[in-house]
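Welcome! Take a moment to look over the structure below, and then we will walk through a few of its features together.

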Amino acid sequence: MAAVHIANGLLIDGTGSAPVERDVVTVDDEIVAVGSAADIAAHVSPDVLRSATTIDAQGLTVMPGLIDAHCHVTFDDVQSNDELFFHRPPALAAVITAFNLPKLLLAGVTSMMDPDTVHGIGPQVRDAVNAGAIEGPRIATGVQALLTAVGGTAGRLIPDEGEVGYAAVVNTIEEMVTTTRRQIKHGGDWIKIHATGSIPTHKGELQVWTLDEMKAVCDTAHALGVPVTAHCRSASSTRDAARAGVDLILHASFMDDEALEAVIDSGAAICPTFTFLANLADHGDKVGAGAGMADIFRGEIKATAAKVRAAHDAG
């Protein structure tokens, strides 16, 4: 039995209550008591307290682990889509992922969802963490993102068919269903649809999946007990993803009233990923973002924030 007694810390319990000074006792990584020092002494076995490793958290904050619901841990700090898709072999991607995972723990993240992974290595990374071979948070993972031939955020780098990097290109409903089943067979906890994509001749991202196509993926995954997430950076894609049965909508950018109503009616969750946009707006020049991109990223946040707030208020 491994016991830990965290004493004198300022506790944030995650319920929205004000922080209070409390002690926490865990046994074999499970919380068994939270309370004042007197409460702990009264309700926890003296043998447990004597054997426990005591951490004096005076002046520090104790809180539940953070959940990162949209983290591409296999991507690393690539400098271009070309590098990500064509110059990251599976072995290198796996080694770099193992190097980066402990950083999430040090940042306080104890659970994460990686919706799509380079070369589909996500399930193997998750299994390695679960086996104790590498350190990292609890991982729920996708395999590769499902894209149509229009592509995703990498434009014409995406081939018309086949797989490259984190992308699996599917062009018919039959291919969408088959690939969904195959990814679940290979250990995917989630299926990801890349519902919008970039075309060089158009501004912003366009919806590149139909409602029926997204519904086919959702119905197939749900029949096998697996949830679906979708990258949606337009109002129409957010609306149709919700109507199709997508469980978690990433970005939900430029959501309008119709899309908001569809999200609320469906019960889908939203992960706005504003930190990504804010970091690019504030520090994009350090990673090669072109001139004027900062205003675009800030504009996306401004155009989306009010509707995300309304979605949050609606539960």
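Here is a short tour of one residue, one sheet, the cysteines and a pocket. Please keep in mind that this is a predicted model.

**A residue in a strand: V24**

- Let us start with V24, which is part of strand β2, a stretch covering residues 20–27.
- Is V24 buried or exposed? Its relative accessibility is 7%, and because buried means under 20%, V24 counts as buried.
- Setting aside neighbours within four places in sequence, V24 touches V4, H5, I6, L11, I31, A33, V34 and V62.
- You can also look for A7: it sits 17 residues from V24 along the chain, while the C-alpha atoms of the two are 6.6 Å apart.

**A sheet of three strands**

- Strands in a sheet are paired by backbone hydrogen bonds, and the pairing can be parallel or antiparallel.
- Here you can find an open sheet of three strands, in the order β6-β7-β8, and its pairing is parallel.
- Which strands form the edges? They are β6 (66–68) and β8 (138–141), each of which pairs on one side only.
- On average, neighbouring strands of this sheet are turned by 15 degrees against each other, ignoring direction.
- Strand β7, residues 109–114, pairs with β8 in the parallel sense through four bridges.
- To see one of these pairings by residue, find S111, whose bridge partner in β8 is R138.

**Cysteines without a disulfide**

- A disulfide is a covalent bond that links the sulfur atoms of two cysteines.
- How many disulfides does the whole structure hold? The search finds zero.
- Why is C218 not bonded to C232? The closest cysteine sulfur to that of C218 is in C232, at 9.9 Å, which is too far for a bond, because a disulfide needs the sulfur atoms within 2.5 Å.
- Looking from the other side, C232 has its closest cysteine sulfur in C218, again at 9.9 Å.
- Both cysteines are buried: the relative accessible area is 1% for C218 and 0% for C232.

**The largest pocket**

- Rolling a probe the size of a water molecule over the atoms reveals where empty space remains.
- The largest pocket has a volume of about 2,200 Å³.
- Its lining is made up of 50 residues, and those nearest the centre are H72, F75, F276, L280 and V287.
- At least two lining residues come from each of α3 (81–86), α4 (90–106), β12 (191–194), α10 (274–283) and α11 (293–313).
- Which element gives the largest share of the lining? That is α10, with six residues.

Definitions and conventions: Residues numbered from 1 in each chain as written. Predicted model: local features only at pLDDT ≥ 70, side-chain atom pairs only at ≥ 80, totals over all residues. Heavy atoms only, no water. Buried < 20%, exposed > 50% of the residue type's maximum accessible area, 1.4 Å probe, protein only. Contact = heavy atoms within 4.5 Å. Pairing = 2+ DSSP bridges. Axes fitted to C-alpha atoms, helices over the stretch in contact; angles between N-to-C directions. 1 Å grid on protein atoms, 1.4 Å probe; cavity = no way out; pocket = protein on both sides within 12 Å on 5 of 7 lines; lining within 4 Å. Points joined across faces, edges and corners; volume = space filled by probe spheres on them.
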